[in-house]
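Me: Could you walk me through this structure and tell me how its terms are justified? I am new to it.

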Amino acid sequence: MTSLERAARPAAWAEPPAAVRFVLDAWTVAEAELQKLAHDPTELLTRAVQPILWLLVFGQVLARARAIPTGQLGYIDFLAPGVLAQSALFSAIFFGIAVIWERDLGVLHKYLVSPASRISLVTGKALAGGLRALVQAAVVYVVAALIGVHLQLGITQLVAVAVVVVLGAAGFATFSLVIACLVRTRERFMGIGQVLTMPLFFASSAVYPIALMPGWLQALAKVNPLTYQVDALRSLMVSGGTATFPIALDFGVLVFALVVLLAIAARLYPRLAM
Amino acid sequence: MPQAIETRELTRRFGRVTAVDALSLAVRPGEVFGLLGPNGAGKTTTIKMLITLLPPTSGSATVSGYDVIADQRLVRRSIGYVPQLLSSDGALSARENLDISGRLYHIPSADRRTRISEALEFMGLADVGDNLVRTFSGGMIRRLEIAQAMLHRPEILFLDEPTVGLDPVARRAVWEHVRRLRDREGTTILLTTHYMDEAAELCERVGIMHLGKLVALGTPESLAAEVGPAATLDDVFTHYTGSDLDEGGTYRDVARTRRTARRLG
Ligand SMILES: Nc1ncnc2c1ncn2[C@@H]1O[C@H](COP(=O)(O)OP(=O)(O)O)[C@@H](O)[C@H]1O
Ligand SMILES: [Mg+2]
């Protein structure tokens, strides 16, 4: 019997078409991650501490000092979207550790021998990374409201902010996944993770306007997806916030970065189990 | 009837190490086949090539009639796999673990629920189905993993060192479940082990691997008879691999096995 004849043999149950399988499988993977968070939310809670400190301490001090000129917008209003983007980045960037851990255990192998496509598996991981950041976003909104940030609370803006947060965090989680596939061990990953986060953060408009940066840093900021995430958030999250780039460009960059990273991750992911 | 598993000159190199060296082997449908060998013999590498986790350096293999390189998705649909490591997610409950597996194989939801309850019952885990797996003993985890790998009723089940690190009672329980599964489903089973008693207990035929090569093949009885009148499978093993079971393997292999054992135990 050739494999072609075998392929024609009916399965015990009908399989959905490939596009439907992609969505179902990605959601299965994402939901597993969310179930784990529901069982043990401590990680989420500890990650919420950092943005609170940034807003309360860093933000309040610099706002009082009036050290950073942010035009019409008060500094705290300027900073809040940056802190939101930053907290999403920081929670996503160590996502790869969990993936290496799954490889060390053998859980990864289980997923890779299932018929699910590699792209659906990494998309599910990315989606989970993105959705986790929404919890962070909620924390930032509450703290921001308490310290008097002028938030836009219209439903359109809130939904748009959620989409930007998920897109950005999914992108950084995928970036983290790619790094994990390249470095392969937890020890190396921890080192690299630290080294990467800071430049991503400081070469963006998260805590100061691009216009204040020296030329070389501006150039870096312009190829940094975080800049576009912050830019979109700045016009969507606070009243009177102004974007540097058109919002369509912000979305375009985030979607493009995510898709490219997912394609790379899908290629590299199976190598982790070899 | 085609072979359940067939390899032709299957080879895998890691740098200068030839982990699997021109392995040619056939496993019949419905058979329980044991791949024996000391740590580092190439058993896990062989399995990884058969289940599409690792591309061969050269040679070819079919699993359930499908080519492991050309028909990867079809191979994956036909097999279940329980890794040497730990494949159930400790941060999820047994039921959630099973549900994930069922969904990745697109078992319709009503059918899936029935199968999950049945699987938990069959494996003696019905009372703890909603507990987190990290609270389970090593033997319970192994039984859950086997249930998870069998949920979609694969034609071929791969078990890599299924009882490493388990205490004698838990090992017997795993053996018992493997035998019942085979009787009930007629599943072809390829298992690796470096325990001779396990091979003698479970396997209809065994292949002994040493340094990536197949050095002996046959029923446990025929192999023993070839070596000597009162020979046991242990003697067969020493005869062909020139090593006692506790020798062999690199530091890395030993570290890996111990780590697994500790996690399971
Ligand atoms: N991913 C890998 N990279 C490099 N060497 C490997 C890798 N996997 C296995 N090996 C080597 O290949 C040989 C066979 O290993 P393995 O198949 O795990 O043996 P077994 O399962 O029989 O203990 C060993 O020498 C091992 O160190
Ligand atoms: Mg092994």
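**The ligand site and the chain contact**

Reply: Happy to! The shell around ligand 1 divides into six nonpolar, five polar and four charged residues. Here Ala, Val, Leu, Ile, Met, Phe, Trp, Tyr, Cys and Pro count as nonpolar, Asp, Glu, Lys and Arg as charged, and the others, Gly among them, as polar. This is a predicted model, where local features need pLDDT of at least 70, side-chain atom pairs count only at pLDDT 80 or more, and totals for chains, interfaces and linings use all residues. Residues are numbered from 1 along each chain as its sequence is written, chains are lettered from A and ligands numbered from 1 in the order written, and side-chain values use heavy atoms, leaving out hydrogens and water.

Me: Why is the site around ligand 1 called shared between chains?

Reply: Residues from chains A and B surround ligand 1, so the site is shared. A residue is near ligand 1 if one of its heavy atoms lies within 4 Å of it.

Me: What makes Gly40(B) a polar contact of ligand 1?

Reply: A polar contact is a pair of N or O atoms within 3.5 Å; within protein, one must be able to donate a hydrogen and the other to accept it, and residues adjacent in sequence count only if both atoms are side-chain atoms. A backbone N or O atom of Gly40(B) lies 2.7 Å from an oxygen atom of ligand 1, so the pair qualifies.

Me: Why is the pair Glu31(A) and Arg103(B) called a salt bridge?

Reply: The term needs a side-chain nitrogen of Lys or Arg within 4 Å of a carboxyl oxygen of Asp or Glu. The closest N and O atoms of Glu31(A) and Arg103(B) are 2.8 Å apart, so the name fits. The count between chain A and chain B is four salt bridges.
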